[in-house]
Amino acid sequence: MKTKIQHEAMLGVLIALEVALFSFTGRNFLSIDNFSECVRLSAEIGLLALALTPVLITGGIDLSVGSMMGFCAVVFGAMWHDAHFPIGIALLLTLVMGLLGGALNAVMIAHLDVSPLLVTLGTYSLFRGLADGITGGARSYSGLPAGFLYLGQGYLGGVVPTQTLILVPAIAAFWLLLHHSIVGRGLYAIGHSAEGARYAAVPVVRRLALVYLLSGLCSAIAGIVYVARLGQAKSDAGTGYELIAITTVVLGGTSITGGAGTIPGTLMGLAAIVLLQSGLRLSAWPAELAGISAGALLILTIVLQRLVRPQTIQPYAANAKPRPRMTVAARLVTVACIAVVLIALIGNWVHRSRLVQTGAETNAAGKRRVTIGVMPKSKGDPYFISCRTGAEKAAASLNVDMIWDGPTSLDASKQNEVIEGWITRRVDAISAAVENAASISTVLRKARAQGIKVVAWDADAQPDARDYFINQATNQAIGYTLLDEAARVVHEKGEFAIITGALTAANQNLWISFIKERLTKYPNMKLVSIRPSDDDRDKAFSEAQTISKVHPGVSVMIVISAPAVPGAAEAVKQYGRKDLVVIGLSLPNLCKPYVHDGEIEAVVLWNTENLGYLAVSAPAALVRGTFPVGKPAFDGGILGTLKIEGSEIILGAPMIFRKDNIDAFDF
Amino acid sequence: MKLQLVRAWPALIALATLYICLAFAAPAFYAPDNLRDIALANVADLLVATGMTMVIVVGQIDISVGALFAVCGLICGTLAKLEEPRLLLPLAAAAAGTVLGAMNGALVSFVRVPSIVVTLATMVTWREALRWITNGAWIEGLPRTFQWFGLGQRSGEALIIVSALVLFAALWWASRNLSAVRAIYATGSDAEAARLAGIPTKLIVFWVFAVMGTLTGIAAMLNAVRFSDVPANSGINLELKAIAAVVVGGTPITGGRGDLVGTLIGVILMGSIGPALVYLGVSPHWEKAAQGAIILSAVLLDAIRRWRDRRVIFARSL
């Protein structure tokens, strides 16, 4: 008992420290809005973490929960959209599907006695693979009915997120199961020693099967909540969620080797992680810190546990020698917690009143600092890094506070979370490169309703969800230009192949569809293969090698992922094939040597720095009221005069970089 | 020893089936060029899976190898960019990997944090730190002596494959003959018994993680020199590929047993599936599902085999 209190007290201190820190550094951290956003964001991870707690208590693990979410999302979408089931039946069948997936794990782990790590590693690939296979990676189901979306986007009484309706009963159910039932005690016994539990007449196989079934069911529910929150069902739902969920559970004090752990602990772990993420966002600190500090926290809590706790726990020692309910240390810690929270609240209040004053001062001076949140699709992508250079230039010259934040890899749900954070933070404008129009538009509309100016760049949101769209080049122009270039090189006849990013990438799939559309103009050209590179240079290299061997007739490869182009070009170079060239969509700097060597015939792209510049200067003009609303041209500063068509600002046609002009560009 | 090799039979059968199918459906797969390319693409996987076999045999797991791989690759690139002498590269990569691996090892063996937690945390920490520091920028414009160690493509390729195979063979020999390495098996099958037999189990676990790091560093270096620049995020999902290869190769995840030849078979199988599916004309959308199915069937076959054993031996029925 003692160790449990200590761990939870430690988490309490941690949470109190986070609250104290972020209430100073983050804007609007201590607000009802932020609180309900945190609850909303913790629903899916929370469901997974709840289900994983008993799994870990029995000494098992389930890595397949995130993939299961993706699989269930797709199954639900397919049943509703393709099979025309009513939404209720589709929901029910999806839950059954979750149970079946859980049953697959359960049979292999409980009945066949295979290691849970292995089985769920296999089903981790299998479920995600099935989801990719069913949708061809590309299809997503949107246009779900409003009643269903309310489940993920609505507020009860205008304040409490709807997800609470699911999360709270789930918490209650797992709490009862683990802490107030014979079944639950059996799970702890299994975790301590499965053999011992069996001798104590615990039906080990059935109990183990139960926890994996529950885990499948919860993943299915989490998948559905995810679909309702994003408004679309796609096979990449829940990617990477298994790791966050496991981190949450372990941080919450559940032993990874089994036998110990509590639901309140898991909830505190959840709170610690969600508050950390939201606090970093509201403080406009780099999101990378979230991962690093979560990793450090995880290690630190366990090290502390080890230092505090004696090496071997005697599970029944507490019964043998009754202890006071709370030790002196625990009491001190509790008092310290309360004190820290109080200090934080008071400090925050003082801090805020000061903020309001300084805000008023600058207003009086006539020039208000404008804060603009600018979001790339993925922070690690060289393409967006070069956009950032332009955006920073604009921010410096226009005297704007820019927050540059976004997902670390392509992730539509993360984009929503970042924007929710910005709304809570009350930025003046949001400028977003949209990964998925269907899923981001709801939250952008919410931002507009609160008076925040919204500009989409790189890829568009739904037209009513943003004020303007910066159109760097239409998807059609890109697709057509790529194929035109390819056709020019091969004199309009022969075979060609495409290497794309991830098979699920929305932009790339659009470009491919336009390449196919354009193909009608070149009847003698044939598309023989489309291969994924997962935006990984090494994989693109291998794929290019394989394509050139399996389809020796291919004389041009169209590569449409920035890191994949140099990979494919390297493959052509190492083959020494002069009759095979690459046409790529990438950054000139990554491709320069290959363009000069002749492996890459042409690189198609727009000026990314100018795009980044415009992504800051356009929303800044909107906020300051200097934007020429309703006029056909916009003075883009260093970019010259830009055309406005309807609600789209046109950057220009895509540029083509070849041997003769590529050295003039540095991005 | 024989018994341990037998554990790889499901993988061997799958591999044989795949290659026989290919011989009929797509004989072009056997072109020397193609086989060489597949070998080169899997050099890194082989070395990492070799280290992973030892980690799993000792009863632990390491999911941070992909992140370590990326860090070591970048260190290589940075040094090459500074025009450091060529010989320093392999040493630096190995040293960096060893240090990073040793950090995992210290936390696992001396602080007694479960390895899955330690390596989960270091995986996330290194990846995010890399992203933060490099901002995703690649290391470009490396000197000509970087690619293929400046030896030219053909000899560079040969050197990479040969050095990986030599390293693998040496470790395989050691895993059968050196008492220090046999101690890994003893520790993995029963740590307490091993300790009582005078084996310094904590040190063994520590060193297994350190060597895992060394091998990852060397793998990163051998992979990096195949190209002319170093990307900021390499080795994505490397840990899963390596664990899958080890497990498919018949090493039980419970530790104490396992053979490097099985791992070699596992690496060849997992590394051949991707290209083979292209040769067989299977849609790329089903690749992941196929890989999952292969892992699961290897696991299932192993379960069935154990179930039979158990009926024979009449051991514990749990």
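Student: Is A:Trp457 buried or exposed?

Tutor: At 0% relative accessibility, A:Trp457 counts as buried. Keep in mind that we're reading a predicted model here.

Student: Which ring does A:Trp457 pair with, and how do I read such a pair?

Tutor: You describe two aromatic rings by how far apart their centres are and by the angle of their planes. In this case, A:Trp404 and A:Trp457 make a tilted pair, with 6.2 Å centre to centre and 45 degrees between the planes. A:Trp404 sits in strand E6 (residues 400-404) of chain A and A:Trp457 in strand E8 (residues 453-457) of chain A, so the pair ties together parts 53 residues apart in sequence. A:Trp404 is buried too, at a relative accessible area of 9%.

Student: What other rings join those two in a cluster?

Tutor: The aromatic cluster holds A:Tyr383, A:Phe384 and A:Trp606 along with A:Trp404 and A:Trp457. Over all chains, the count of aromatic pairs comes to 18. One of them is A:Tyr383 with A:Phe384, an edge-to-face pair at 4.7 Å centre to centre, with 85 degrees between the planes. Both A:Tyr383 and A:Phe384 are buried.

Student: Where do charges sit over rings?

Tutor: Try the one that links two chains: the charged end of A:Arg537 sits over the ring of B:Phe227, 3.7 Å from the ring centre. Within chain B, B:Arg182 lies over the face of B:Tyr185, at 4.2 Å from the centre of that ring.

Student: On to helices. What span should helix H7 of chain B have?

Tutor: The general idea first: an α-helix has 3.6 residues a turn, so residues three or four places apart point the same way. For the span, you work at 1.5 Å a residue, so the 20 residues of H7 (residues 115-134) of chain B should cover 28 Å, and the end C-alpha atoms are indeed 28 Å apart. H7(B) is also mostly covered, as 16 of its 20 residues are buried. Among the residues of H7(B) is B:Thr119, and B:Thr119 is buried, with a relative accessible area of 0%. From B:Thr119 to B:Ile273, 154 residues along the chain, the C-alpha atoms are separated by 28 Å.

Student: How do the axes of H2 and H12 in chain A cross?

Tutor: The axes of H2 (residues 32-57) and H12 (residues 263-282) of chain A come within 9 Å and cross at roughly 140 degrees. That angle makes H2(A) oblique to H12(A), and the crossing is right-handed. Now try H21 (residues 537-550) and H22 (residues 564-575) of chain A: their axes come within 7 Å and cross at roughly 45 degrees. So H21(A) is oblique to H22(A), with a right-handed crossing.

Student: Which residue just after H7(B) has a positive phi?

Tutor: Most residues other than glycine have a negative phi. Just after H7(B), though, B:Asn135 takes a positive phi of about 55 degrees.

Student: Where in chain A is A:His84, and what is its phi?

Tutor: A:His84 isn't a glycine, yet its phi is positive, about 60 degrees. You'll find A:His84 in the loop between helix H3 (65-81) and helix H4 (87-111) of chain A. A:His84 is exposed, with a relative accessible area of 64%.

Student: What about A:Glu492?

Tutor: A:Glu492 has a positive phi of about 65 degrees, although it is not a glycine. A:Glu492 lies in the loop between helix H19 (475-489) and strand E10 (494-500) of chain A, and is partly exposed, at a relative accessible area of 43%.

Notes: Residues numbered from 1 in each chain as written. Chains lettered and ligands numbered in written order. Predicted model: local features only at pLDDT ≥ 70, side-chain atom pairs only at ≥ 80, totals over all residues. Heavy atoms only, no water. Phe/Tyr/Trp six-rings, centres within 6.5 Å; stacked < 30°, edge-to-face > 60°. Buried < 20%, exposed > 50% of the residue type's maximum accessible area, 1.4 Å probe, protein only. Helix = DSSP H or I, 4+ residues; strand = E, 2+ residues; numbered from the N terminus. Lys NZ or Arg CZ within 6 Å of the ring centre and 35° of its normal. Expected span 1.5 Å × (residues − 1). Axes fitted to C-alpha atoms, helices over the stretch in contact; angles between N-to-C directions. Parallel < 35°, antiparallel > 145°, perpendicular 65-115°, else oblique. Left-handed = near helix turned anticlockwise from the far one by under 90°.
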